[in-house]
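Reader: I am new to this structure and would like a close look at the smaller details of one part, with enough of the rest to place it. Please take me through it.

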Amino acid sequence: MEYIDAPPAVNFAALSTMVGTAPPVAQDVTYERILRARSEPQNWLTYYGAYDGQRYSPLDQINTENVQRLTPAWVFQFGSSGFHAGQSTYAFEAAPIVVDGVMYLSGWDGWVWAVDARTGRQLWQYKHAIPFDVSLCCGNVNRGVAVAHGKVLATTLNAHVIALDAVSGELVWDTTNGDVRAAESATVAPLVVKDKIIVGSSGGEFGVRGHLDAYYIETGERAWRTYTVPKPGEPGSDTWPDGPAWARGGGNAWVTGTYDPELNLVYWGTGNPAPDFDGAVREGDNLYTDSIIALNPDNGEIRWHYQCTPHDVWDYDSNMECILYDLDGQKLLAHFDKNGYLFTLDRRNGERVRITPFGERITWGEIDGDGRVTPKVVPDKEGEPVHFWPGPAGAKEWTHAAYSPRTEMFYVPVQDVGSEVTLRHREFKESIPYWGASVTVDADDMQGFVKAISAATGEEVWRWRNETPMSASALATAGDLVFVGRPSGEFTAFHARTGEPLWEFQTGSGHHSSPTTYSVDGRQFIAVPVGWGSWIEGIVPAMLGASHGDAVFAFALPQ
Amino acid sequence: MTTRAEQELPELYGQNKATLGRLLAHGGLGRAEEGSDGRLHAHVRIPPDELMWEPSIVVMPHGGDLEIELLNDDTNTHCALLPSNGDSKWMWLPVYSRGKTVLNLDGPGYYWFGSNVGNDEGRGLVGVIAVMGDVPQEARLDRPEQPRP
């Protein structure tokens, strides 16, 4: 048979109206500029908007008086395809970065995009090839990129760290960060500190050993690695039993940290110990799991730690954000933990300032004001179910609270969902889920809240109740507004001082991401990725069958 | 090559028999071979009236660049959508055509490929590129060897 030549292969993106390049706005994004991120509120330069993790913007064009007029300005849709996409496999969880009119964000399954922040038009895209069989916990997600020195930096599900040219989207370097054969993956948005990025690993439910790594932005060379579980002989190793438990101990650092440049400390939350529920194989406090750790970003040295749930048998990761704020001359750190308690610490040394509950129903145990932890419901008998609140979903998931320095309040998305857990011992094998229990999350008796918490006292100021748990990040603005998305698809603006809902828009899919605000040519936008999925059976099982999408909505006032 | 599925379930083996389409990835297995240029090479064809790749599973001994030659022996037009770092590669495959492209896959696991022209939808023409090997030593966890399944 005579063959004809097939037409040459092309990059799939060439078959679109994509522009292909972005303006070189990222060239001038430096560490010094990110340090002063809040002085350029037209941009959202780093994961939380600024190093302090407040998720607060000084922009006030959109405010309590005019928010009712907010309308969609543009929508960026991509479309999930491939074998990964499913009700419980992916969600659009990115926190968009915006630099001088260009938005950079990442999606499920190895996608990274640059988008015109004024119009929503796609400028370039990058696709990392992701194996179909990567073990993921929890879901096919990515929480965003970092931008610095002309590069867009991201992690991939198969545990690589990549740098892309911010103008073309082409790969600059690609470094392997973890071992996919041990079920390591990566979902975290990198944090730029000086000449490096810091990333944490994922995979705690598979019995890996968690770590944080720093890479030089220019070369991708690894500068340091710090394990969050010590091996024998290292500080903290006496909190693990003799034997292999430390090597399978979890403690992954899969949510972006915050940074205090004056103290030169990075604050990072660590995940649950493994196995999640079978504490008998890992007697002891199991440091540094479920902890806030403060590290020297220059060398990865752990300077102090505070463990929120010693010897966790309830799956209470402490990965959630560490919000840095100053009040009455104190340098404070606020951390809303999955276990239902707000930890307020002195961020200079980790000393406890205050512990207050913010979760709705807390039955697993009790933490008093002196930090003493008293477990009350423990899955410690093989085959015997126990029920506790909050369940492994936590009183708050990884999604973030916001802090407004205007109101001196935190705005917290709260989940109130319990779970039945039955101890089921299992032997460890690499890349196989390592829970040590059978788990059934309540699907009927659940609710959610947006709660406003006083930063001065830790006490609740106002609350707004939702029928389902709230599972998306809050955004606070100088317009005295708080924006939060709901699992049912509504994107809602609340009055920051009263909690009154002032505006909402049905986006067609549930929210599990972190909204961003920015402005272009003086016009303020509120942007939010929507797309429901990822471990929904664990956080809001009543919404497992809901529609899911993959759009970024940008809202603005009519011109 | 006769597959186990063909032996055990001959009524399923063929389009529009008991099933409307073909069972997933059952066009055999082929191994990419390393050339003197350090690049891996593989050949995949589309046999007539099968809506499948042969082989359906291409094995790479390690991550890296794979030059893959595609041949369409079918009397229908198809295409190939192939995974690669940077962007997927896409190629028309007219009747009795052949072409090559180079893919980059940077680590172990298996990656799917297919044909996304309309008449091939319904998950016919689905294949797998399986990458063997481990990640670099410096990326592996500092711990003793652990049991694997």
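**Chain B and its surroundings**

Author: Chain B has one helix and ten strands. In sequence order the helix is followed by the strands, in the pattern α-β-β-β-β-β-β-β-β-β-β. The model is predicted, and chain B has an average pLDDT of 89, with 91% of its residues scoring at least 70. Where pLDDT is low, the predicted coordinates should not be read in detail. For the model, ipTM is 0.92 and pTM is 0.96.

The overall dimensions of chain B come next. Its C-alpha trace spans about 50 × 35 × 25 Å along the principal axes. Of the 149 residues in chain B, 50% are buried. The accessible surface of chain B is about 7100 Å², and carbon and sulfur atoms account for 50% of that area. Among contacts in chain B between residues at least 6 apart in sequence, 57% link residues at least 24 apart. Chain B carries 13 positive and 22 negative side chains, and the centres of these two sets are 2 Å apart.

Two loops of chain B hold details of the backbone. One is the loop between β3 (40-46) and β4 (57-60), where B:P55 is found. The peptide bond that joins B:E54 and B:P55 is cis, with omega about 0°. The other is the loop between β7 (89-93) and β8 (97-105), which contains B:Y96. B:Y96 is a residue other than glycine with a positive phi, near 55°. Is B:Y96 buried, partly exposed or exposed? Its relative accessibility is 32%, and since buried means under 20% and exposed over 50%, B:Y96 counts as partly exposed.

Chain A has details of these kinds as well. A cis peptide bond runs from A:W389 to A:P390, with omega near -20°. A:P390 lies in the loop between β27 (385-388) and β28 (402-404) of chain A. A positive phi, near 75°, is found at A:S534, which is a residue other than glycine. A:S534 sits in the loop between β37 (523-530) and α2 (536-539) of chain A. The relative accessible area of A:S534 is 2%, so A:S534 is buried.

The rest of chain A gives the setting. Chain A has two helices and 38 strands. Its C-alpha atoms fill a box of roughly 70 × 65 × 45 Å along the principal axes. A compact globule of 559 residues would have a radius of gyration near 24 Å, and the 22 Å of chain A agrees with this. Buried residues are 67% of the 559 residues in chain A. Chain A exposes about 17300 Å², of which carbon and sulfur atoms supply 46%. Among contacts in chain A with a separation of 6 or more, 62% are between residues 24 or more positions apart. There are 41 positive and 70 negative side chains in chain A, and the centres of the two sets lie 3 Å apart.

To return to chain B, the places to find in the view are the cis bond between B:E54 and B:P55 and the positive phi of B:Y96.

Definitions and conventions. Residues numbered from 1 in each chain as written. Chains lettered and ligands numbered in written order. Predicted model: local features only at pLDDT ≥ 70, side-chain atom pairs only at ≥ 80, totals over all residues. Heavy atoms only, no water. Helix = DSSP H or I, 4+ residues; strand = E, 2+ residues; numbered from the N terminus. Rg over C-alpha atoms; globule rule 2.2 N^0.38 Å. Buried < 20%, exposed > 50% of the residue type's maximum accessible area, 1.4 Å probe, protein only. Contact = heavy atoms within 4.5 Å. Areas by Shrake-Rupley, 256 points an atom, 1.4 Å probe, with all protein chains shown as cover. Lys, Arg positive; Asp, Glu negative; His and termini not counted. Charge placed at Lys NZ, Arg CZ, Asp CG, Glu CD. pLDDT = per-residue confidence, 0-100.
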